[in-house]
Amino acid sequence: MKQYLELCQRIVDEGQWVENKRTGTRCLTVINADLEYDVANNQFPMITTRKSYYKAAIAELLGYLRGYDSAAQFREIGCKTWDANANDNNAWLNNPNRKGEDDMGRVYGVQGRGWQRPDGSTLDQLSKVINNLKNGIDDRGEIITFYNPGEFELGCLRPCMHTHTFSLLGDTLYLTSYQRSCDVPLGLNFNQIQCFVLLALVAQITGHKAGKAYHKIANAHIYENQLELMRDVQLKREPFDSPQLKINPEIKSLEDIETWVTRDDFEVTGYQCHEAIQYPFSV
Ligand SMILES: Nc1nc(=O)c2c([nH]1)NC[C@@H]1CN(c3ccc(C(=O)N[C@@H](CCC(=O)O)C(=O)O)cc3)CN21
Ligand SMILES: O=c1ccn([C@H]2C[C@H](O)[C@@H](COP(=O)(O)O)O2)c(=O)[nH]1
């Protein structure tokens with residue numbers, strides 16, 4: 001939590017204004033942020049200086065792991081975050097590759113589970129990594145990447161947290177996640193939770209202890225219409241201690257994640273927070 005607030009304060013103090021063509025809203029921006037989450041000691045990185053909707057963030061991650069390509073699928077599992085990018089962005093609405101209402105195209109999980117090979121077959125990156133880790137193998141390339149520049153025009157948004165690298169040291173599993181662009185008031189709140197849960201979950205289903213999750217961000221920004229709420233409300237609040245996350249121990253395989261796991265298999269205890277802040281969202 002402290003590192004989150006320090007990043008917010010750094011943007012407020014040192015950020016530079018950058019015009020953004022895609023949304024039309026300029027952003028106060030810094031380059032390079034390194035965050036880390038202590039999964040081994042279950043320090044769940046949930047924001048406490050406002051209410052955090054962690055179940056929606058976990059549902060979004062589950063949708064990525066399942067290879068979803070429709071905002072309707074995300075809604076069904078309790079996450080509304082893709083409605084706007086699928087249905088309200090003019091560039092995507094006018095893109096001939098959009099297949100209708102709620103279509104997100106070839107983004108995130110589609111690339112993670114079904115990367116298109118030149119011969120027409122597909123590659124399931126996630127299965128490869130899980131199988132190797134289950135067998136104690138780290139080939140120094142246990143990487144899942146959603147970033148496929150050759151298919152950007154086939155999706156509604158380029159992935160933001162785009163690459164996850166897993167590493168084994170003895171029986172401890174680590175995660176390094178890379179993010180190219182980060183909406184700190186809204187997106188980061190979700191992305192921190194997702195890094196933590198991704199490591200905890202993959203450690204659980206591959207039979208390893210979880211170590212740390214390292215989160216590396218290139219462009220971290222606050223949109224102009226979010227700045228006042230961040231500077232004058234959220235940053236004025238004192239954080240509470242981190243809560244703890246409990247994951248249903250019955251989750252034992254990738255198939256479980258694909259078939260029956262829901263956001264209610266994740267429970268937080270000891271969460272104390274300040275009241276909700278509704279940050280504006282730029283599409
Ligand atoms: N401008 C922008 N910022 C983002 O963070 C973002 C995008 N676009 N587009 C793709 C995804 C969608 N993400 C989102 C979208 C909405 C919320 C959001 O509205 N969060 C609210 C309420 C969540 C809820 O009620 O479930 C919040 O207060 O955290 C968060 C992340 C993250 N990404
Ligand atoms: O997981 C996510 C997804 C998206 N974001 C934010 C980062 C940016 O503010 C926008 C994407 O806009 P681009 O113009 O494509 O960079 O969404 C996030 O923080 N986390």
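**Contacts of ligands 1 and 2**

User: What makes the pair formed by a backbone N or O atom of D183 and an oxygen atom of ligand 2 a polar contact?
Analyst: The two atoms lie 2.8 Å apart in this predicted model. A polar contact is a pair of N or O atoms within 3.5 Å (within protein, one must be able to donate a hydrogen and the other to accept it, and residues adjacent in sequence count only if both atoms are side-chain atoms), so this pair qualifies. The model is predicted, with local features needing pLDDT of at least 70 and side-chain atom pairs pLDDT 80 or more, while totals for chains, interfaces and linings use all residues. Side-chain values use heavy atoms, without hydrogens or water, residues are numbered from 1 along each chain as written, and chains are lettered from A and ligands numbered from 1 in written order.

User: Which side chain has an N or O atom 3.4 Å from a nitrogen atom of ligand 2?
Analyst: That of Q179. A polar side-chain atom of N191 is 2.8 Å from a nitrogen atom of ligand 2.

User: How much of the accessible area of ligand 2 does the protein cover?
Analyst: It covers 88% of the 460 Å² that ligand 2 has on its own, by the Shrake-Rupley method with a 1.4 Å probe (for residues, only the protein chains shown count as cover).

User: Which atoms of D183 and R50 face ligand 1?
Analyst: An N or O atom in the side chain of D183 is 2.7 Å from a nitrogen atom of ligand 1, and a polar side-chain atom of R50 is 2.8 Å from an oxygen atom of ligand 1. Ligand 1 exposes 650 Å² alone, and the protein buries 82% of that.
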